[in-house]
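Here is a friendly walk through one protein model, written for someone who likes to know the cut-offs behind each term. Please keep the structure open beside the text as you read.

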Amino acid sequence: MSDVTDIRSQPGARPASRAESLPLSADEEWEALDLPRAEAPATPPEAPLDMPEQDFRARPPMGPDSGWPSIGTIAARLVAFGGAAAIGWFGWKQMVLAFGTSMTFLQSVLLVLFALTFSWVGFSFASMVSGLFARRLRTPTGPNAARIAVIMPVYNEDAATTTGLLAALARDLYRVGLGDRAEIFVLSDSREPGAVLEEMAAISRLRDISPVPVWYRRRRSNKGRKAGNVADFVTRWGGRYEQMVVLDADSVVGAATIKALSARMNADPAIGLIQTMPMLVGGQTIFARLTQFAGRIYGPAIARGVAAWSGNSGNFWGHNAMIRVSAFAQCCGLPELSGKPPFGGTVLSHDFVEAALLRRAGWKVRLDHDLRQSFEGCPPTLLDMAVRERRWAQGNLQHARLIFSRGFAWISRVHFVIGILGFLMSPIWLAMILVGLALSANVLLSRPDYFPQTYQLFPTWPTFDPVRMLWLFVAAMSFLLVPKFIAIFRAWLRPLARNSGGNVRLLASAMFEIVLSALIAPVQMLIQTRQIFEILRGRDSGWEAQVRAGQMPPWGVVLRRHAIHVVTGTATLLVLAFLAPWQLVWLSPILAGLILSPLTSRWSASPVFGRWARRQGLLVTPEERDPPEVLTAANALDFRVAGTLPREGLALLGRDPALRARVAALLPATSQAPASERLDAISAEAKIGHAASRQQALSFLNPAEKLALIENRALIEAFAKLPQ
């Protein structure tokens, strides 16, 4: 009997449909192996699919959808991009009037920086308004026999969490009738021996209890990172499936949504990818709950606007999307970029590029904003978010090399530009502040010359219109805040407000989010600016496992990480208080955010304050008040799986025959790799052969050799035969 409850017997499960005239279904093929699930082969028979490496300079062939965008999409683009251009032009003209015709060099620089930032916030507003033209989406009915792979690439993740999500999803797939054509595939790139052992034990348990087939593949080479991991799956088993759903290790898509995505893709042969709008869930800290609340309340309106102007040239965010496997294989083989990282090497933000390649080949790429059962986690702290954004920043800047690739749709190029500007706006914003301060210092510290010409009769008075500048500031703040209040008003008209604690609590939560976001924004500005500077200097971000669940950092950490922010804010405050105290009115939110950054960073990472906010009804989302069944099941199964994991590490592998059998069942029978690729296994074999005990053997082995031990049946048996 398994230590984890068999989810096939839980309430709500029902037999999947059968059809004797059809070939064996996924579940029938799984059962036909006539083996205990933990002892069945780790992977199905290979069904190779060619995935040619793409040439960014070549002209692609005409694809299935090469037509004009719809009237609604054209209207949405006119509103989004025409509106942003009009707002930017208006800001430029007003700033010119505020400065006058005889501008100094610093005023000219400030004018350019202001126009960029004003256009950026204007585009955010106009994009949201363009959502009025979003198309109405429907899920077609009718026969659909497309085989679906739900793939989850993992890299040193928490095994209990990922297995809990997949176990809950397996039950959900079976319940909605997808048990006969859906399979789960875990694609492991993990390299840390302890994480790999726990991962294999957890997946083995999942295979025992899952009502749908669960396959597990380990990759010995991490070539291409996540994109390479998925490409390896496509080239080896892609021919087995028509569609695949890509998940992150902390994300899940409800089976009803998977069924709808499959039906929509099946009904339109030109669709290559459908991206859902993931909702953030599971946040415990104030920072996570803040991000979660903002995404849930403001996110749907923003997604509706992006979907409207993207049309059939949408974007891909790397997970929680349905992909046509044949189209992906045809278009999305990514080459290594020439040169060294950070701008060369592996394509980091591969998802944007894959969406552009699909669209280049004529496949539709859509954002279906109406599907709600799509969930993911979020970083628990500001510092964890900074680590994740470092890799995103490098990946997006890397797109500057690809943006002018031949054949890309202009909307695909727009997605690249938006991604790049999303990070470049921080140094632009900082530069604008610094230029503004330099202008003030120039006025205060220099002696004005009102008669620049020798025989000038009348003085040249400097032009500055403070009232116009005030209204420009109000306009910029309006473009930032009005979309939020529109989203709040929209929520009031829907059950969203009632399910988030009511109108009053929703408004209070929004005000709390606005204040705390204003304190965090200047810190993120400096962090991202530093990241951009490091990338431009050639520093690579590397590839580390993402932090999914964190803890409140100690004072020493936050004081060290935020020292530069506190010093910058305090020094600016003292200088302005002495030279230009009136400037503090405008800069006080920024200076407060910098000076208070250690407090904000530490306390926003506190689960205690997170629980306090929830008790007060602040930052509550509908998924928190009434959790979807798949999330409730995932949390319950997470705890159950966690109790079965080999927390003692590799020592337990030597003395537990059942664990050895489970691990061995997930390994290939023999290794076909040449000796040059098995050096770690060869050295591990020698060290195990010379060890007097298992404990001594473990002390001999380095991490790479321990990983080779877990991945080799013969080494496992040799290790187990040693005395304890």
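A residue is called buried when its relative accessible area is under 20%, exposed when it is over 50%, and partly exposed in between, using a 1.4 Å probe and protein chains only. Helices (H or I, at least four residues) and strands (E, at least two) are DSSP runs, numbered from the N terminus. The model is predicted, so to speak of its local features a pLDDT of at least 70 is needed, side-chain atom pairs count only at pLDDT 80 or more, and totals for chains, interfaces and linings use all residues. Residues are numbered from 1 along each chain as its sequence is written, and side-chain values use heavy atoms, with hydrogens and water left out.

**Overview**

The protein chain holds 27 helices and 10 strands. Of its 724 residues, 54% are buried. Contact here means heavy atoms within 4.5 Å. Among contacts between residues at least 6 apart in sequence, 84% join residues at least 24 apart.

**Strands and their pairing**

Strand β9 (residues 364-367) is covered on both faces: K364 and R366 are buried on one side, V365 and L367 on the other. Strand β4 (residues 243-246) is covered on both faces as well, with Q243 and V245 buried on one side and M244 and V246 on the other.

Two strands pair if DSSP finds at least two bridges between them. The table gives four such pairings.

| Strand pair | Sense | Bridges |
|---|---|---|
| β6 (residues 271-275) and β9 | parallel | four bridges |
| β1 (residues 148-154) and β4 | parallel | four bridges |
| β4 and β8 (residues 321-324) | antiparallel | four bridges |
| β7 and β10 | parallel | two bridges |

Individual bridge partners help to locate these pairings on screen. L273 has V365 in β9 as its partner, I148 is matched with Q243 in β4, and V245 is matched with M322 in β8.

There is also an open sheet of three strands, in the order β5-β10-β7, with mixed pairing. Its edge strands are β5 and β7 (279-280), each of which pairs on one side only. In this sheet, L280 stands opposite E376 in β10.

**Nonpolar cores**

A nonpolar core is a set of buried Ala, Val, Leu, Ile, Met, Phe, Trp, Tyr and Cys residues joined through side-chain atoms within 4.5 Å. In soluble globular proteins, nonpolar side chains tend to be buried together. The largest core has 75 residues, and V150, L173, I258 and V663 touch the most other members. Leaving aside residues up to four places away in sequence, I258 touches I148, V150, L169, L173, L178, V245, V253 and M322. Apart from the largest core lies another, of 39 residues, among them M244, F316, F328 and V365.

**The second largest pocket**

On a 1 Å grid over the protein atoms alone, a cavity is a set of points where a 1.4 Å probe fits but cannot get out, and a pocket is an open set with protein on both sides within 12 Å along at least five of seven lines; lining residues have an atom within 4 Å of a point. Grid points are joined across faces, edges and corners, and a volume is the space filled by probe spheres set on the points.

The second largest pocket contains about 1000 Å³ of space. Its lining has 36 residues, with V281, G282, G283, Q284 and N635 nearest the centre. Which helix gives the largest share of the lining? That is α21, with six residues. Elements that each supply at least two lining residues include α4 (159-175), α8 (286-310) and α21 (629-642).

By class, the lining has 14 nonpolar, 13 polar and nine charged residues. Here Ala, Val, Leu, Ile, Met, Phe, Trp, Tyr, Cys and Pro count as nonpolar, Asp, Glu, Lys and Arg as charged, and the others, Gly among them, as polar.

**A long-range neighbourhood**

A168 sits in helix α4. Because its relative accessibility is 2%, A168 counts as buried. Its C-alpha atom is separated by 9.4 Å from that of D638, although the two residues are 470 residues apart along the chain. Not counting residues up to four places away in sequence, A168 touches V630, A633, A634 and L637.

**Backbone details**

P341 and P342 are joined by a cis peptide bond, with omega about 10 degrees. P342 belongs to the loop between α9 (325-331) and α10 (350-360).

N156, in the loop between β1 and α4, has a positive phi of about 55 degrees although it is not a glycine. N156 counts as partly exposed because its relative accessibility is 22%. N320, in the loop between α8 and β8, has a positive phi near 55 degrees and is likewise not a glycine. N320 is buried, with a relative accessible area of 0%.
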